[in-house]
Amino acid sequence: MSEPSMGMAGRVNDWGLRWREARWLQQPALLVGGGLLLAMVLASLLAKQISPYDPIAQNLSNTLQPPSPVHWFGTDNFGRDIFTRVLHAVQLDLQIGVLSVLFPMVVGLFLGSLAGYLGGWVETVVMRVVDVFTAFPFLVMVIAIIAILGPGLTSMYVALTLAGWSAYARIARGEILVIKKAEYVQAARALGFSNLRIMFRHILPNIVTPAIIFAMSDIVLVILSTTSLSFLGLGVQPPTPEWGSMIAEGRPFIMTAWWLVTLPGMAIVLVGLGLSLLGDGLADVLRTEE
Amino acid sequence: MEPILEVRNLTTQIPTRRGLLTAVDDVSFTLHKGEIFGVVGESGSGKSMTCRSLLRLLPSSARTVQGSAVYRGSDLLRLPPKAFNQVRGREIAMIFQDAMAVLNPVHRIGDQLTEAMLAHRVVATPAEARARAVELLRKVGIPAPERRLQDYPHQFSGGMCQRLVIAIALSCQPQIILADEPTTALDVTIQDQILKLLIGLQHELGVSLVLVTHDMGVVAQSCQRVAVMYAGQIVEIADTVSLFTAPKHPYTRGLLACVPQLAADGEVLPLTPIPGSPPDLVHPPAGCRFHPRCPLASEECRHGTFPLQQVGQQHVSACIKHEELGLLS
Amino acid sequence: MNDLRAVPPILEVNRLSKRYVMNAGFWQQLTRRPPELLHAVDDVSLRIAPGEIFGLVGESGSGKSTLGRCLLRLVEPTAGQVLFKGVDILQLPRAQMQGMRRKLQIIFQDPYSSLNPRMTVRQMLGEVLSVHRLCPPHRVEARVRELLHLVGLPADAVDRFPRHFSGGQRQRIGIARALAMEPEFIVADEPVSAVDVSIQAQVLNLLIDLKAQLGLTMLFIAHDLSVVQHISTRVGVMYMGKLVEMAPRRLLFSQPRHPYTQGLLLAAPQPDPFHHSTRVALEGEPPSPLHPPAGCRFHTRCPLASDRCRQAPPPLQEIGEGHWVACHHHDLAVWPPPAVTPWAA
């Protein structure tokens with residue numbers, strides 16, 4: 001409606017301005033989500049202090065104990081403390097989630113921006129390849145690629161990047177087509193800036209926002225699919241503690257020892273909740289900045 | 001002159017991130033039967049919001065917190081929804097700036113024209129509605145009306161769409177039409193056609209028209225009386241001739257001095273801009289809202305409220321120093 | 001206006017055209033249907049002398065904006081020449097054109113979309129100065145402040161983002177950005193149509209001051225005749241891609257000879273309650289630019305149209321000192337028209 005007048009803006013001191021800029025502090029979703037994740041990471045960093053048990057060493061005399069004050073989440077079929085394993089897995093699972101979104105995002109943004117900015121045959125080629133990649137069901141493609149490369153963390157990253165980049169390429173191209181027409185991009189051309197400078201200084205920063213917003217919801221899905229990959233035995237290999245493989249290993253005991261599957265599952269839910277809250281809050285902050 | 005709509009103390013607020021924004025602040029005016037009443041102001045002055053408050057077409061967060069708008073003995077702002085819908089569209093119609101956006105792209109314009117007539121039971125049968133639709137299209141100057149009833153909005157130009165919207169507004173023979181910047185989106189020659197169409201129709205049908213605009217030229221060419229709005233408030237109301245020849249508010253005077261005018265000999269006078277920018281309506285300046293930009297401002301302008309007061313026949317102004325205006329060069 | 005011809009023009013446009021190919025999609029290619037052409041700018045020639053403000057008016061779709069952008073090669077023209085100080089910039093290879101852009105700048109209409117929302121004023125202006133090495137690095141800061149001062153913005157504006165400014169202030173930033181290049185020629189593309197009336201005068205006065213102070217030459221594009229009258233030394237009127245009339249300011253407004261110019265003048269609502277007419281200034285609407293009428297493009301709306309107008313397009317010819325008109329019947333176009341009171345003298 002109304003715009004702040006020169007007088008107003010002039011009177012606001014630097015700190016006042018910074019405070020109003022610090023809108024992220026006023027987003028409850030962002031604070032709760034961020035707090036949750038932070039707490040989990042801290043707990044995992046302090047895992048050795050919190051819990052006396054070893055996450056890998058087996059204790060066959062103490063298998064399948066139900067949750068108790070001694071073993072908060074019970075023990076698994078090898079007698080390992082499940083709470084300790086869940087804690088130790090936080091870092092790995094978050095790292096997998098972040099990296100498996102970051103790689104496809106970078107690749108997708110780069111190719112999509114190139115397609116959108118240059119147009120012509122580059123655009124045609126890139127977007128048709130995108131079409132081909134989106135035509136495959138996500139998980140089927142990931143499994144196929146891992147099957148070729150052999151199971152393991154690296155092949156999982158490669159597979160998730162190959163399967164996930166096309167969505168980011170689409171977002172980037174769509175946004176660039178809009179921003180390319182914005183007058184400030186025309187202005188940058190009129191100011192005689194090079195294509196590279198226009199692309200990196202004037203266009204990319206303005207399309208990163210929607211990509212990040214998408215990535216925040218994507219990260220949850222990716223963690224879920226990496227856990228399913230581990231569940232299928234294609235991801236992280238035992239005995240490394242990882243939630244997906246823990247659930248997979250606990251499956252035979254689901255009727256007799258529910259805690260083997262349920263409690264690592266809860267950890268996934270909690271991370272997912274934290275991430276989506278964080279994503280929502282971040283989306284609000286980034287959107288209102290425009 | 002017989003009043004047809006009396007608006008008193010209308011106040012509309014919008015909550016924003018930064019605080020409560022008072023878009024329309026204690027606005028009062030009277031619309032007379034059969035006149036064209038101009039409401040002029042810059043963006044953010046509250047002129048459109050005033051119109052929308054009257055028809056309860058506000059954005060969802062905005063609230064009209066105070067005031068009344070009495071039409072035929074009932075207060076529009078307090079009518080129950082069902083009774084209000086009988087008035088809106090039928091007795092009081094609205095014309096918007098963006099005609100293309102008002103028309104539904106998936107319906108034939110014949111259907112859009114007859115819809116309101118049938119809904120308000122202005123006509124008894126679809127055949128009658130159709131006959132009246134043809135007559136309306138002819139009246140607003142759309143050629144070959146029988147054929148065009150079958151067309152879709154995208155087949156019309158911007159100017160023709162605005163004619164259509166006017167036809168729809170007229171379809172239920174309203175008493176009052178609120179026109180919110182009806183010509184702003186149009187080219188000059190088309191704007192001229194639409195304005196003259198509106199003036200002609202108003203003469204012919206005797207409806208009362210509230211014309212909201214930012215253009216002093218449009219006001220001078222079409223209105224009998226004018227209200228000038230600044231920062232959510234009406235600062236001056238006068239008949240058009242008095243307003244343009246002897247403005248009694250420094251803002252009005254400033255507006256007139258900064259609008260470039262065509263001169264028949266092609267010679268131009270330098271423009272005198274109003275310094276500064278309009279205030280932030282979340283934190284408006286205390287006292288008279290125009291004082292930070294006013295050449296006459298003194299200590300007394302910085303505090304208190306400034307209600308409209310009589311300064312001439314049919315002429316009210318909110319400025320306590322209006323007498324000093326003549327002393328300015 | 002003899003002096004205008006004596007001085008070599010700073011910018012000369014010769015027979016410039018811009019055609020857009022419409023509907024050249026797959027289906028059209030398959031059916032071998034000839035693609036439709038849209039003549040946005042059609043065979044326009046004009047010269048602008050140093051120090052002039054050439055006003056270009058026209059309604060939407062007249063091609064005035066496209067013409068302005070062709071001059072800077074923001075839009076590549078289809079045919080014609082644009083000579084800047086005698087050099088045809090349309091023939092310049094990319095690298096040399098980048099250098100030429102320093103001399104030719106543009107101010108945009110929309111103060112909201114023409115500034116990058118993620119850059120502060122300092123970054124925006126600093127980028128221009130450092131990329132083109134317009135001043136040594138240690139002087140950048142001082143030059144930025146100098147530019148802000150020049151366009152009347154407070155010094156504490158440097159660290160703010162565009163969203164902190166009002167429309168008028170943003171327009172000033174846009175002007176400062178163009179001025180940072182120290183251009184010799186500026187295309188101002190409707191710089192005041194998106195700002196409020198009380199701010200419009202501020203921006204116009206700023207441009208007039210800057211012109212006097214820096215000796216700028218400007219192509220000022222607008223749809224509002226009163227604004228153009230106010231700022232220009234010479235004025236051109238466009239209709240459907242054609243230049244239909246061109247004259248020094250005083251002549252164009254006191255003795256317009258093209259019926260379209262006359263219609264535009266009569267249609268512009270004047271802030272004067274004593275002079276108004278109930279007659280419509282110009283009937284009808286512009287025809288589709290995809291199928292422009294044969295002959296004179298204005299004949300479908302022209303009160304003077306004859307058979308000749310329907311067949312032969314009128315050439316732009318000089319009918320008086322510096323007064324060019326493209327109308328077969330310019331001698332019949334009476335001004336002021338009888339029975340219509342024009343605006344106040």
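Three salt bridges are counted between chain C and chain A in this predicted model. One of the salt bridges brings together the side chains of C:Arg69 and A:Glu183, with an N to O distance of 3.2 Å. Polar contacts add to the picture: 14 residue pairs across chain C and chain A are in polar contact, counting pairs with both residues at pLDDT 80 or more. On the side of chain C that touches chain A, four elements each supply at least two residues, namely helix H4 (94–100), strand E6 (104–107), helix H5 (121–131) and helix H7 (167–180). The most comes from H5(C), which gives four residues. By character, the residues on this side of chain C split into 14 nonpolar, twelve polar and eleven charged.

The contact as a whole draws 37 residues from chain C and 28 residues from chain A. About 2800 Å² is buried between the two chains, and carbon and sulfur atoms account for 48% of that area.

Strand E6 of chain C, already met as a contributor to the contact with chain A, is also worth a look for its pairing within chain C. Four bridges link E6(C) to strand E7 (residues 185–189) of chain C, and the two strands run parallel. Within this pairing, C:Ile107 sits opposite C:Ala188 of E7(C). The side chains of E6(C) alternate: C:Leu104 and C:Ile106 point one way, C:Gln105 and C:Ile107 point the other way, and all are buried.

Turning to chain A, helix H11 (residues 243–250) has seven of its eight residues buried, so the helix is largely enclosed by the rest of the structure. The buried residues of H11(A) are A:Trp243, A:Gly244, A:Ser245, A:Met246, A:Ile247, A:Ala248 and A:Gly250. At the N-terminal end, H11(A) is capped by A:Glu242, which places a side-chain oxygen 2.8 Å from the backbone nitrogen of A:Gly244.

Chain B, for its part, offers an open sheet of four strands in the order E2-E1-E4-E5, with antiparallel pairing. Strand E2 (19–32) and strand E5 (74–75) of chain B stand at the edges with a single partner strand each, so one side of each has no neighbour in the sheet. At the E5(B) edge, two bridges join this strand to strand E4 (residues 63–71) of chain B, and the two run antiparallel. Here B:Tyr71 has B:Ser74 in E5(B) as its bridge partner.

Notes. Residues are numbered from 1 along each chain as its sequence is written. Chains are lettered from A and ligands numbered from 1 in the order in which they are written. This is a predicted model: local features need pLDDT of at least 70, side-chain atom pairs count only at pLDDT 80 or more; totals for chains, interfaces and linings use all residues. Side-chain values use heavy atoms; hydrogens and water are left out. Contact means heavy atoms within 4.5 Å. Buried area is the accessible area (1.4 Å probe) that two parts lose on being put together, summed over both. A salt bridge is a side-chain nitrogen of Lys or Arg within 4 Å of a carboxyl oxygen of Asp or Glu. A polar contact is a pair of N or O atoms within 3.5 Å; within protein, one must be able to donate a hydrogen and the other to accept it, and residues adjacent in sequence count only if both atoms are side-chain atoms. Ala, Val, Leu, Ile, Met, Phe, Trp, Tyr, Cys and Pro count as nonpolar, Asp, Glu, Lys and Arg as charged, and the others, Gly among them, as polar. Two strands pair if DSSP finds at least two bridges between them. Buried means under 20% relative accessible area, exposed over 50%, partly exposed in between (1.4 Å probe, protein chains only).
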